[in-house]
Amino acid sequence: MYAALSDRYAEDLTAMEHLVAEVIAHSPLADLPELEKLVRHQLDGEGKQLRPLLSLAVADLTGDSRARVHPVAAAVELYHRASLILDDIQDNSDFRRGVRTLHTTVGVGMAFNVAGIIRSMSYHVVDRSPELRAEDKLRIHRRLDSTAICLYIGQSIDLGWHEGWYPTYEVFPYDQMIAHKTGALFGCAAWIGACAAGGDPRLAESFGTHAGILYQLFDDFDDVFARDGDVHSDSQDLRGQKPTAPILTLLTVLAETGNARDIQRLTHWLSGMHGQADDDTTWIVRLLAEHGVAERLQRRLSQMAERLLEQAHNLAAGGHIPGEVPGIELLARAVGRT
């Protein structure tokens with residue numbers, strides 16, 4: 001479904017990339033070739049581009065020209081790329097998709113600067129658009145700013161577990177964390193896409209937020225489990241002792257069975273008080289398999305995917321959709337893997 005979605009909007013994605021190139025060309029980066037190279041490298045990396053594709057799919061609901069949406073699609077992708085650099089720094093990640101992370105190659109300080117430049121470019125690509133009215137640009141800028149707060153709140157909740165903000169796993173706001181950390185930018189992509197195309201931003205935002213939450217849940221699932229349900233030997237979330245959906249689901253199952261001993265051991269491991277090496281997760285792997293956590297999570301994700309697809313059908317029914325399959329449905333199927 002990713003391929004079908006990308007193929008449908010291939011020309012739009014190319015136009016979006018041209019807008020970003022123009023912003024770079026009109027910036028002071030031309031006087032600093034070393035810095036320009038770092039910025040371009042971060043923007044040239046492969047990615048699914050789901051957020052700009054969401055903006056474009058929402059625009060199709062209005063039947064209006066998608067050219068008005070190109071700058072906002074570019075803006076949300078730039079915002080996302082900047083957030084990845086900052087996330088890698090805060091998570092102490094050495095690799096992303098098999099490639100060394102920026103801060104491990106040029107240092108934390110320079111990585112922060114590159115992230116700041118890319119994030120600022122998201123405003124410039126909107127400002128430079130002759131397609132958007134001044135009032136729409138202001139609304140979009142405000143929405144990007146409010147979304148930035150959500151992204152930082154979500155990341156802070158994530159880091160807050162190891163800062164001791166939450167005394168037990170029961171009060172750790174995982175759902176709130178992923179709604180802010182991932183759902184907010186998906187919701188923003190849908191909202192500004194509808195705003196630029198003259199659609200209803202509120203209905204689009206609801207769909208986008210739910211798509212982002214489901215996407216993050218699948219991401220957390222994939223980090224721990226292989227396609228056959230076995231645990232990945234190189235799970236970053238397990239190495240980082242993160243309370244993500246697989247671990248929280250395991251804790252729920254243990255609570256249902258009254259297994260206080262393993263709950264205590266797992267809670268201590270999560271909070272860094274277990275006294276074992278960080279890479280010693282063999283006992284967790286055993287517990288995940290014994291209690292069928294992969295199967296339980298898969299059922300939950302399948303149910304959420306069905307609801308997202310239903311939401312996409314409702315949105316498509318209220319808008320003008322050219323072609324055989326609405327883009328919004330393709331996106332729902334791509335996120336929900338249906």
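Why does Phe112 count as partly exposed? Phe112 has a relative accessibility of 42%, and partly exposed covers values between buried (under 20% relative accessible area) and exposed (over 50%), with a 1.4 Å probe and protein chains only.

The model is predicted, so local features need pLDDT of at least 70 and side-chain atom pairs count only at pLDDT 80 or more, while totals for chains, interfaces and linings use all residues. Residues are numbered from 1 along each chain as its sequence is written, and side-chain values use heavy atoms, without hydrogens and water.

Phe112 lies in helix α7 (residues 108-127); helices are DSSP runs of H or I with at least four residues, numbered from the N terminus. Leaving aside residues up to four places away in sequence, Phe112 touches Leu86 and Ile89, where contact means heavy atoms within 4.5 Å.

Helix α5 (residues 70-90) and helix α8 (residues 134-160) have axes that come within 12 Å and cross at roughly 20°. Axes are lines fitted to C-alpha atoms over the stretch in contact, and angles run from 0 to 180 degrees between N-to-C directions. Therefore α5 is roughly parallel to α8, a term for angles under 35 degrees. Among the residues making this contact are Leu86 of α5 and Leu151 of α8.

A disulfide is a pair of cysteine sulfur atoms within 2.5 Å, and the count by this rule is zero. The table lists two cysteines.

| Cysteine | Closest cysteine sulfur | Relative accessibility |
|---|---|---|
| Cys150 | Cys188, 9.3 Å | 22%, partly exposed |
| Cys195 | Cys188, 10 Å | 5%, buried |

The sulfur of Cys150 forms no bond with that of Cys188 because 9.3 Å is too far.

Notes:
Helices (H or I, at least four residues) and strands (E, at least two) are DSSP runs, numbered from the N terminus. Angles under 35 degrees count as roughly parallel, over 145 as roughly antiparallel, 65 to 115 as roughly perpendicular and the rest as oblique.
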